[in-house]
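Welcome! Take a moment to turn the structure around before reading on, and keep the sequence at hand so that you can find each residue as it comes up.

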Amino acid sequence: MAIGSGLGAQLSIGAETTYGVYAAPAKHLEFNKADLKLAKTTAQSAGIAAGRFLALSSRRVVTQRQASGSVELEVTNKGMGLLLQALMGTTVTPVQQGSGPAYLQTHTLADSFGKSLVMQLGIPLTTGAVTDKTFLGCKVISAEFSCEVGGMLVATFEIDSKDCDETQTLVAASYSNMAPYHFGQMALKTGVFASEAARDGIRKVSVKFERPQAVERFYAGQAGLKKEPIANDQVKITGSIEMDYVDTIFDDLHTSDAATSLIWEFVGPNIASTYFETFRVKLPAIRFDDAPPTVEGFDVVKPTLSFTGLYDGTNQPAIEYISTDITL
């Protein structure tokens with residue numbers, strides 16, 4: 001019996017073979033909050049009947065079902081592969097680095113069709129019994145990563161789901177020894193692609209990937225459920241950098257509107273040989289939108305510059321992840 005509060009909650013995920021078809025989730029993630037929930041569309045018959053003042057309860061029907069919401073969690077040194085694959089789209093097989101236990105996942109931007117997840121949320125009653133909410137056909141619509149001075153690297157994944165199934169058996173959660181990435185491991189580099197240099201004065205970075213998709217594909221013959229969403233607009237990559245005004249590198253890029261490559265990385269403990277736990281966002285071309293530095297008092301000038309990620313014509317954005325995970 002679990003604790004009858006959020007302390008007893010759990011989140012498990014797994015890759016689907018077929019969109020919206022249950023597959024037992026085997027990955028158990030530590031999370032900060034999850035607000036996945038079912039949304040139903042109802043219709044009420046209201047035909048005129050002599051002397052009837054109220055519509056009949058028996059004549060209300062559910063015409064559509066879907067679900068959506070978000071999951072916020074700390075990015076850890078294990079277990080992130082399935083979420084990153086669902087976000088970025090490339091089918092990834094971890095590649096062993098050297099002869100040791102380090103494995104590299106390279107999640108390159110691609111079409112995410114066919115990349116759907118089962119997300120099973122265990123929500124405790126006050127009695128300690130845990131209710132099962134199994135969300136099928138989960139597509140990652142967007143993800144935002146953020147880290148600031150003294151903080152953890154936190155990610156928020158926006159989810160669109162085909163349905164919520166409450167008839168499945170809640171899987172037993174077990175957790176590997178995971179560690180979060182944090183500010184003390186963070187570095188930001190910009191410059192010519194593949195020759196980026198570390199930048200000083202960085203206090204906070206956030207990057208958001210948005211995957212616009214047609215999420216209202218409701219057709220006859222589908223029992224009121226949707227078909228898998230498909231991409232219906234270009235990917236949008238945006239972000240911001242908060243820094244102390246230690247130099248004019250970003251200010252000059254804003255003025256000239258020139259492109260630069262950006263690498264945002266977190267490097268943790270050594271796994272084996274020359275390979276370290278790593279989470280790395282690679283954006284081959286960004287351009288700064290705003291804002292130039294302003295003086296707002298006696299304190300150190302702290303500009304926050306927003307940027308847009310674009311295609312450099314050759315290299316796709318990617319997220320690299322080095323861990324001991326042999327599989328996603």
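## A cluster of rings

Phe-145, Phe-157, Tyr-181, Phe-209, Trp-264, Phe-266, Phe-279 and Tyr-321 are joined into a cluster by ring pairs. Please keep in mind that this is a predicted model. The structure holds nine aromatic pairs. One of them is formed by Phe-279 and Tyr-321, an edge-to-face pair with 6.5 Å from centre to centre and 75° between the planes. This pair links distant parts of the chain, since Phe-279 belongs to strand β19 and Tyr-321 to strand β21, 42 residues apart. Both Phe-279 and Tyr-321 are buried.

## Glu-320 in strand β21

Let us stay with strand β21, which covers residues 318-323 and includes Glu-320. Is Glu-320 buried or exposed? Glu-320 has a relative accessible area of 13%, and because buried means under 20%, Glu-320 counts as buried. Apart from neighbours within four places in sequence, Glu-320 is in contact with Leu-104, Gln-105, Thr-106, Thr-278, Phe-279, Arg-280 and Lys-282. Among these, Arg-280 and Lys-282 also make polar contacts with the Glu-320 side chain through their own side chains, at 2.7 Å for Arg-280 and 3.3 Å for Lys-282.

## Ser-161 in strand β10

Another residue to visit is Ser-161, in strand β10 (residues 154-161). With a relative accessibility of 1%, Ser-161 is buried. Which residues does Ser-161 contact, leaving aside its neighbours within four places in sequence? They are Gln-66, Ala-67, Phe-135, Leu-136, Gly-137, Cys-138 and Lys-226. The Ser-161 side chain reaches the backbone oxygen of Leu-136, and the backbone oxygen of Asp-163 as well. Ser-161 and Leu-36 are 125 residues apart along the chain, with 8.8 Å between their C-alpha atoms.

The polar contacts of Glu-320 and Ser-161 are set out here.

| Side chain | Partner | Distance |
|---|---|---|
| Glu-320 | side chain of Arg-280 | 2.7 Å |
| Glu-320 | side chain of Lys-282 | 3.3 Å |
| Ser-161 | backbone oxygen of Leu-136 | 2.8 Å |
| Ser-161 | backbone oxygen of Asp-163 | 3.2 Å |

## Two helices

Now for the helices. Helix α1 (residues 81-88) is mostly covered, as eight of its eight residues are buried. These buried residues are Gly-81, Leu-82, Leu-83, Leu-84, Gln-85, Ala-86, Leu-87 and Met-88. Just after α1 comes Gly-89, with a positive phi of about 105°.

In helix α2 (residues 249-256), the buried residues are Phe-250, Asp-251, Leu-253 and His-254. Viewed down the α2 axis, these buried residues fall within an arc of 160°, so they line one face of the helix. An α-helix has 3.6 residues a turn, so residues three or four places apart point the same way. What covers the buried residues of α2? The cover includes the strands β12 (186-191), β14 (202-210), β17 (236-243), β18 (260-272), β19 (275-290) and β20 (304-310). After α2 comes Asp-257, which has a positive phi near 60°.

## A cavity

The last stop is an empty space. Rolling a probe the size of a water molecule over the atoms shows where empty space is left. How many cavities of 30 Å³ or more are counted? The count comes to one. The largest cavity has a volume of about 40 Å³, and its lining is formed by Leu-29, Glu-30, Leu-73, Glu-74, Thr-76, Met-80 and Met-178.

Definitions and conventions
Residues numbered from 1 in each chain as written. Predicted model: local features only at pLDDT ≥ 70, side-chain atom pairs only at ≥ 80, totals over all residues. Heavy atoms only, no water. Helix = DSSP H or I, 4+ residues; strand = E, 2+ residues; numbered from the N terminus. Buried < 20%, exposed > 50% of the residue type's maximum accessible area, 1.4 Å probe, protein only. Polar contact = N/O pair within 3.5 Å; in protein donor to acceptor, adjacent residues only side chain to side chain. Contact = heavy atoms within 4.5 Å. Arc of directions from axis to C-beta. Phe/Tyr/Trp six-rings, centres within 6.5 Å; stacked < 30°, edge-to-face > 60°. 1 Å grid on protein atoms, 1.4 Å probe; cavity = no way out; pocket = protein on both sides within 12 Å on 5 of 7 lines; lining within 4 Å. Points joined across faces, edges and corners; volume = space filled by probe spheres on them.
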